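This briefing concerns the surroundings of two ligands and the strand arrangement of one chain. The sequence and structure are shown first, and the points that follow are grouped by topic.

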Amino acid sequence: MTKLDFDPLLDDLETRVLVCCGSGGVGKTTTAAALALRAAERGRRVVVLTIDPARRLAQSLGLRELDNHPREVVVEGFEPKGELFAMMLDMRRTFDDMVLTHAGRDRADQILSNPFYQTISSSFSGTQEYMAMEKLGQLVAQDEWDLIIVDTPPSRSALDFLDAPQRLSTVLDGRFIRMLSAPARASGRGLLKIVGTGFSLFTRAVSTIVGGQLLQDASTFVQAFDSMFGGFRERAQRTYELLRSPGTGFVVVAAAEPDALREASYFVERLSDEGMPLCGLVANRTHPVLAGDLPAAKALAAADDLDRSGEAPLAAAVLRLHADRVAVADREKRLLARFTRAHPGVSLVGVPALPADVHDLDGLREIGRRLAGE
Amino acid sequence: MTSWTEELTRARLHVVSGKGGTGKTTIAAALALALATGGRRVLLIEVEGRQGIAQLFDRAPLPYAEERIAAAPGGGEVHALAIDAEAALLEYLAMFYNLGFAGRTLRKMGAIEFATTLAPGLRDVLLTGKVKECVNRTGSDGRHLYDAVVLDAPPTGRVVKFLDVTKAMADLAKVGPIKGQSDGVVRLLHSGDTAVHLVALLEEMPVRETLDAVAELDGADLRPGAVLVNRVHPARLPAHSVPVAAEGRVEESRVRAGLTAAGLDLDEFTLEGLVDETVEHAIRVQSQQEAMELLSHSDLPTVEVPELTDGVDVAALYELAEVLVAAGVR
Ligand SMILES: Nc1ncnc2c1ncn2[C@@H]1O[C@H](COP(=O)(O)OP(=O)(O)OP(=O)(O)O)[C@@H](O)[C@H]1O
Ligand SMILES: Nc1ncnc2c1ncn2[C@@H]1O[C@H](COP(=O)(O)OP(=O)(O)OP(=O)(O)O)[C@@H](O)[C@H]1O
Ligand SMILES: [Mg+2]
Ligand SMILES: [Mg+2]
């Protein structure tokens, strides 16, 4: 196994974009913020795009409102060599802005007030990922920072970040909405011939279920959206290309647990299929043994002795909690070794679980030190 | 704090939610085994198309059909069903319309996924509709086929929306077959037959999410069941030592004397390591206690489930089921 060494990566001016990915709750946001802080303290002009950060973490970065623009992090006693900017993604606003940019004023109003647009922009499962990519594209285009660090949305699967934008495109390109809302007009096309009468039955069934109004809204939406769809897809495509370029690196975050490591495996394989550059794996929240010379079995035997005599309850407790810790650490090492065997080329760094949650700059700095292997 | 109540014993549909990754699927499976203990027949259902049950029980993916997947102590049986929204929609349509072969083609084209995207509520209505059918189904003797149904539900962020069928229906057609069916679902979900359990971890965020979910359930007139506190780490230190140790004060000389008494002669470095481990342990125990204290504001029955260091396999599920039975689950 090679060790993932972050400092050279952060110091390298060729590193322009870092994307922190991983399955839900593993520490993507924390890692993104900690890397950004460290890079700024080492002299880079950094912006970190966070997504749904915990409230206290957001506050410690001075992010009180969700205004969808980067703000410089100004905190007393924080004087980095470089500069640190931070922002929280407002997905709805990003979507609205996109519509405003691409559609004319009138048409934009029509789209924004459409109930179907409101569903898609607030609750469709791929929207947050799409908007994160869109925002990344905007930050790159602004060209104000020499390093952009991106957090990714909470999602079960790390792959969603790469796949969800495509899902949204499929819905928006409106093939089905068109057919559902105007089957008569579309019926000359090949696709419908194949499905034949089944489709019109289906349309009827669906409209009795979802209601005619909803289909009507969807259809109005698609017509209004149609003209800007090309631009929309092109942008997504460009950002996707950006993820493949040499200045970009993916940081995969995982917990030392089977599910998270399985997800990390899928993601690592996918990156390699797509030709996207991987920096390495962060194994977050590990529990390394701090008293390495004392084997668990020996500790337990001694604890049993002490319990029998009832003499030294504190020492017995210390021995037992040490044995627990050895068991946890052994399992984590085993799981990580299995990952490394499957992906020998992937460099890795372990970040121990800090005893308390990470929600201030000191905590982030501490994580940063661990990321750098200090 | 009470554990399993009489009221919970009367529930027939146990919905299990919680923040993502807290152990919903694991706890739902253990709960199904616990409820089946002593000879009952329980159905375990999943609805998110992830084949989590099959993975947990270490078997091939479940088809869209009920299958017996485990035996419980005392002659009980656990059956499982993975409900697939697309299949449920087709099944549903087939009840009212003759789609013939078109159904399969439509599915391949993604038309069905599209319909459920168009009306996100539709998916939930279909899934809960199928759950209701399973809960209410009776055998030839007129008795319920399943004594209890356990649902591995969507996470807390989405569960109220998922269960609030009345709201979802507001977006759908006001008349027609689906309306009639959904009225029955609403009755079931808001009755004493249903309890919505929440799986929590003793960490700040999951606890807050749990409390928010309780409030949200109350607001939607759904009944919160028990809080299942998962992955509780054993507290090793004597209670009075915890607060002091959490502040970094561990009486090194006493530890050393104890170790020497047990015949362990450790170097300074190892001893320091032990002290550091002890401080971290104490901080963790303390934050678990704080989280527990915060959780108690929910005023719900609470059951603690221990952390299993070696992870969860089928044997471990039986172990967790025993813990639940010991806490009064039946
Ligand atoms: N090394 C660590 N030590 C202690 N706590 C940590 C560590 N890493 C992360 N945490 C804590 O774990 C929780 C989850 O972390 P974080 O929010 O970064 O995860 P995430 O992957 O962004 O989650 P989501 O998928 O929900 O966006 C937070 O409360 C954070 O403070
Ligand atoms: N009591 C426990 N001890 C040890 N590990 C556990 C325990 N409960 C759950 N786990 C582990 O935690 C992980 C998450 O559990 P599980 O899949 O049940 O959570 P979930 O809430 O269903 O997740 P998701 O939100 O992804 O559906 C699994 O790896 C599981 O083995
Ligand atoms: Mg996050
Ligand atoms: Mg699950």
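An oxygen atom of ligand 2 is placed 3.4 Å from an N or O atom in the side chain of A:D259. The coordinates belong to a predicted model. Ligand 2 lies between chains A and B, and the protein buries 88% of the 630 Å² that this ligand exposes when taken alone. For ligand 1, the protein covers 89% of an accessible area of 630 Å².

**Ligand 2: contacts and shell**

- The shell around ligand 2 holds 16 residues, of which B:G21, B:K24, B:T25, B:T26 and B:R50 come nearest.
- Two of these residues, B:K24 and B:T25, also appear among the side-chain contacts: a polar side-chain atom of B:K24 lies 2.7 Å from an oxygen atom of ligand 2, and an N or O atom in the side chain of B:T25 is 2.8 Å from an oxygen atom of the ligand.
- In chain B, the elements that contribute two or more residues to this shell are α2 (24–36) and β7 (224–232).
- The largest share comes from α2(B), with 3 residues.
- By class, the shell around ligand 2 consists of 3 nonpolar, 7 polar and 6 charged residues.

**Ligand 1: contacts and shell**

- Ligand 1 is surrounded by 18 residues; A:G25, A:K28, A:T29, A:T30 and A:L354 come nearest.
- Side-chain contacts include A:N284, with an N or O atom 2.9 Å from a nitrogen atom of ligand 1, and A:R285, with an N or O atom 3.0 Å from an oxygen atom of ligand 1.
- The backbone takes part through A:P352, where an N or O atom lies 3.2 Å from a nitrogen atom of ligand 1.
- The elements giving two or more residues to this shell are α2 (28–41), β7 (278–286) and β8 (348–352) of chain A.
- Of these elements, α2(A) supplies the largest share, 3 residues.
- The shell around ligand 1 divides into 9 nonpolar, 6 polar and 3 charged residues.

**The sheet of chain A**

- In chain A, 8 strands make up an open sheet with mixed pairing, in the order β3-β4-β2-β5-β1-β6-β7-β8.
- The edges of this sheet are β3 (71–72) and β8 of chain A, each of which pairs on one side only.
- Strand β8 of chain A is thus named twice here: as an edge strand and as an element of the shell around ligand 1.
- Strand β7(A), likewise an element of that shell, runs parallel to β6 (residues 248–255) of chain A, and 6 bridges join the two.
- Within this pairing, A:F250 has A:L278 of β7(A) as its bridge partner.

**Strand β2 of chain A**

- Strand β2 (residues 45–50) of chain A is mostly covered, with 5 of its 6 residues buried.
- On one pairing, β2(A) runs parallel to β4 (residues 83–88) of chain A through 6 bridges; A:V46 is partnered there by A:L84.
- On the other, β2(A) runs parallel to β5 (residues 147–151) of chain A through 4 bridges; here A:L49 is partnered by A:V150.
- The strand order places β2 between β4 and β5.

Methods:
Residues are numbered from 1 along each chain as its sequence is written. Chains are lettered from A and ligands numbered from 1 in the order in which they are written. This is a predicted model: local features need pLDDT of at least 70, side-chain atom pairs count only at pLDDT 80 or more; totals for chains, interfaces and linings use all residues. Side-chain values use heavy atoms; hydrogens and water are left out. A residue is near a molecule or strand if one of its heavy atoms lies within 4 Å of it. A polar contact is a pair of N or O atoms within 3.5 Å; within protein, one must be able to donate a hydrogen and the other to accept it, and residues adjacent in sequence count only if both atoms are side-chain atoms. Accessible areas come from the Shrake-Rupley method with a 1.4 Å probe; for residues, only the protein chains shown count as cover. Ala, Val, Leu, Ile, Met, Phe, Trp, Tyr, Cys and Pro count as nonpolar, Asp, Glu, Lys and Arg as charged, and the others, Gly among them, as polar. Buried means under 20% relative accessible area, exposed over 50%, partly exposed in between (1.4 Å probe, protein chains only). Two strands pair if DSSP finds at least two bridges between them.
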